[in-house]
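User: I should like to understand how the descriptive terms for a protein structure are justified. Please take me through the reasoning step by step.

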Amino acid sequence: MSHRRDASNRMSNVAADHDVSRSRPREVEAAGVCRGAHRDALEKGEIVYRAGDLSDAVYVLLSGQVDVIHEEVRLARLSCGAVFGEIGVLCGRPRARTLQAVSEASLLRIDKNLFLELLQEMPQMAVALSRELGRRVDDMNARFVMRSAS
């Protein structure tokens with residue numbers, strides 16, 4: 001089996017999980033690196049990207065933690081296995097939030113074109129991503145309803 005096909009099979013196995021954000025980072029990394037993704041190391045406090053930046057890549061957090069920040073307010077803290085940056089890539093919009101490393105962190109940077117190619121080649125990855133995005137919308141709606149009821 002070719003190196004590329006082996007990597008593609010591993011990525012397919014990861015994508016078959018129901019929740020993309022809980023994918024096995026080592027498998028995602030192995031598939032991505034073989035396909036041309038890049039591993040980046042971050043220091044505590046380092047910015048991954050800022051709100052308004054061009055959405056040119058999707059990221060998988062391999063280790064450490066990253067905060068999602070909007071106007072100096074922390075909205076969420078992402079941990080190992082989290083996939084982020086996909087919404088801007090899929091919608092063709094600039095980054096909506098700033099992401100900053102809370103600790104030393106390692107992430108896999110998957111360029112926009114490679115990410116879109118992977119979604120076309122592996123429909124199960126697109127389905128898993130759709131489920132994760134749907135879960136996020138449901139969670140956000142639930143929080144909105146709870147705040148409205150208060």
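User: Which residue of β7 stands opposite valine 66?

Analyst: In this predicted model, the residue opposite valine 66 is alanine 101. Strand β4 (residues 66–70) and strand β7 (residues 98–101) run antiparallel and are joined by four bridges.

User: How do you know that β4 and β7 count as paired strands?

Analyst: Two strands pair if there are at least two bridges between them. Four bridges join β4 to β7, so the requirement is met.

User: What makes β2 and β5 the edge strands of the sheet?

Analyst: The open sheet consists of four strands in the order β2-β7-β4-β5, with antiparallel pairing. Each of the strands β2 (47–49) and β5 (73–78) pairs on one side only. On average, and with direction ignored, neighbouring strands of this sheet are turned by 30 degrees against each other.

User: Why is α4 called roughly perpendicular to α5?

Analyst: Helix α4 (residues 112–121) packs against helix α5 (residues 123–149) at an angle of about 105 degrees, and the axes are 5 Å apart. Angles of 65 to 115 degrees count as roughly perpendicular, and therefore α4 is given that description relative to α5. On the α4 side, the contact is made by Phe115, Leu118, Leu119, Gln120 and Glu121; on the α5 side, by Pro123, Met125, Ala126 and Leu129. These residues divide into seven nonpolar, one polar and one charged.

User: Why is the pair of tyrosine 49 and phenylalanine 84 called tilted?

Analyst: Ring centres must lie within 6.5 Å for a pair, and planes that are neither under 30 degrees nor over 60 degrees apart count as tilted. The centres of tyrosine 49 and phenylalanine 84 are 6.4 Å apart and the planes stand at 45 degrees, so this pair is tilted. Tyrosine 49 belongs to strand β2 and phenylalanine 84 to strand β6 (residues 83–84), 35 residues apart.

User: What makes the pair of tyrosine 59 and phenylalanine 84 stacked?

Analyst: The planes of tyrosine 59 and phenylalanine 84 are 15 degrees apart, with 5.4 Å from centre to centre. Planes under 30 degrees apart count as stacked, so the term applies. Because tyrosine 59 lies in strand β3 (residues 57–63) and phenylalanine 84 in strand β6, the pair ties together parts that are 25 residues apart in sequence. Tyr49, Tyr59 and Phe84 form one aromatic cluster.

User: How do you know whether tyrosine 59 and phenylalanine 84 are buried or exposed?

Analyst: Buried means under 20% relative accessible area. Tyrosine 59 has 5% relative accessibility and therefore counts as buried. Phenylalanine 84, at 4%, likewise counts as buried.

Terms used
Residues are numbered from 1 along each chain as its sequence is written. This is a predicted model: local features need pLDDT of at least 70, side-chain atom pairs count only at pLDDT 80 or more; totals for chains, interfaces and linings use all residues. Side-chain values use heavy atoms; hydrogens and water are left out. Axes are lines fitted to C-alpha atoms, for helices over the stretch in contact, and angles run from 0 to 180 degrees between N-to-C directions. Helices (H or I, at least four residues) and strands (E, at least two) are DSSP runs, numbered from the N terminus. Angles under 35 degrees count as roughly parallel, over 145 as roughly antiparallel, 65 to 115 as roughly perpendicular and the rest as oblique. Contact means heavy atoms within 4.5 Å. Ala, Val, Leu, Ile, Met, Phe, Trp, Tyr, Cys and Pro count as nonpolar, Asp, Glu, Lys and Arg as charged, and the others, Gly among them, as polar. Rings of Phe, Tyr and Trp (its six-membered ring) pair if their centres lie within 6.5 Å; planes under 30 degrees apart count as stacked, over 60 as edge-to-face and the rest as tilted. Buried means under 20% relative accessible area, exposed over 50%, partly exposed in between (1.4 Å probe, protein chains only).
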